[in-house]
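Me: I would like a close look at a single part of this protein, with the reasoning spelled out. Please take one helix and tell me how it sits against the rest of the chain.

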Amino acid sequence: MTEHLMVFPDHDDADRIADDLRDEGFTEVRVVREALAGEDDGEDHEWAVHVREDMVADESGAVESGLRERFRALAEEHDGWYDPDPTARG
């Protein structure tokens, strides 16, 4: 299993990307409001696309690495950012 988190400033971008990933067949894709450190105002929160893929059984790490690069590029393309380790966020 792999987990990925992309954060976007625009809700429409997050929804569109999540829909595309669901259509591709990822195990779980969720859009959630992301409260970032130092943000007290709910209007300032960004939109996170959380992706979990159960079917990645990749001993070499090549598939997971490819997904990380793809998601990083996708986030940057839409003025967002990619969290390489969302499970560490607690």
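Reply: What follows is a walk through helix 1, from its ends to its two sides and then to its surroundings. The model is a predicted one, and every value below was computed from it.

Helix 1 covers residues 11–24, and because each of its 14 residues should advance it by 1.5 Å, a span of 20 Å is expected, which agrees with the 20 Å between its end C-alpha atoms. The N-terminal end is capped by D10, which places a side-chain oxygen 3.1 Å from the backbone nitrogen of D12. Just after the helix comes G25, whose phi is positive, at about 100 degrees.

Which residues of helix 1 are buried? They are D13, A14, I17, A18 and L21. These residues cover an arc of only 125 degrees around the axis, and therefore lie on the same side of helix 1. The spacing has a general background: an α-helix has 3.6 residues a turn, so residues three or four places apart point the same way. On the other side of helix 1, D12 and D23 are exposed.

The buried residues of helix 1 pack against strand 1 (2–8), strand 2 (28–34), strand 3 (46–53) and helix 2 (62–77). One of them, L21, is among the residues that touch the most other members of the largest nonpolar core, a group of 16 residues in which M6, V49, V51 and F71 share that standing. Strand 1, helix 1, strand 3 and helix 2 each give two or more residues to this core. V51 is in contact with L21, and its other contacts, leaving aside neighbours within four places in sequence, include M6, F26, V29 and F71.

R22 also belongs to helix 1, but its relative accessibility is 39%, so this residue counts as partly exposed. Its side chain is joined to that of D19 by a polar contact of 2.8 Å, and, leaving aside neighbours within four places in sequence, R22 is in contact with V29, R30 and V31. Between the C-alpha atoms of R22 and V51 the distance is 9.3 Å, although 29 residues separate the two in sequence.

A further set of contacts involves H78, which is found in the loop between helix 2 and strand 4 (81–83). H78 counts as buried because its relative accessibility is 18%, the cut-off being under 20%. Not counting residues up to four places away in sequence, H78 touches D13, R16 and I17, as well as F8 and P9; of these, D13 and I17 are among the buried residues of helix 1.

Methods. Residues numbered from 1 in each chain as written. Predicted model: local features only at pLDDT ≥ 70, side-chain atom pairs only at ≥ 80, totals over all residues. Heavy atoms only, no water. Helix = DSSP H or I, 4+ residues; strand = E, 2+ residues; numbered from the N terminus. Expected span 1.5 Å × (residues − 1). Buried < 20%, exposed > 50% of the residue type's maximum accessible area, 1.4 Å probe, protein only. Arc of directions from axis to C-beta. Contact = heavy atoms within 4.5 Å. Polar contact = N/O pair within 3.5 Å; in protein donor to acceptor, adjacent residues only side chain to side chain. Core = buried A, V, L, I, M, F, W, Y, C linked by side-chain atoms within 4.5 Å.
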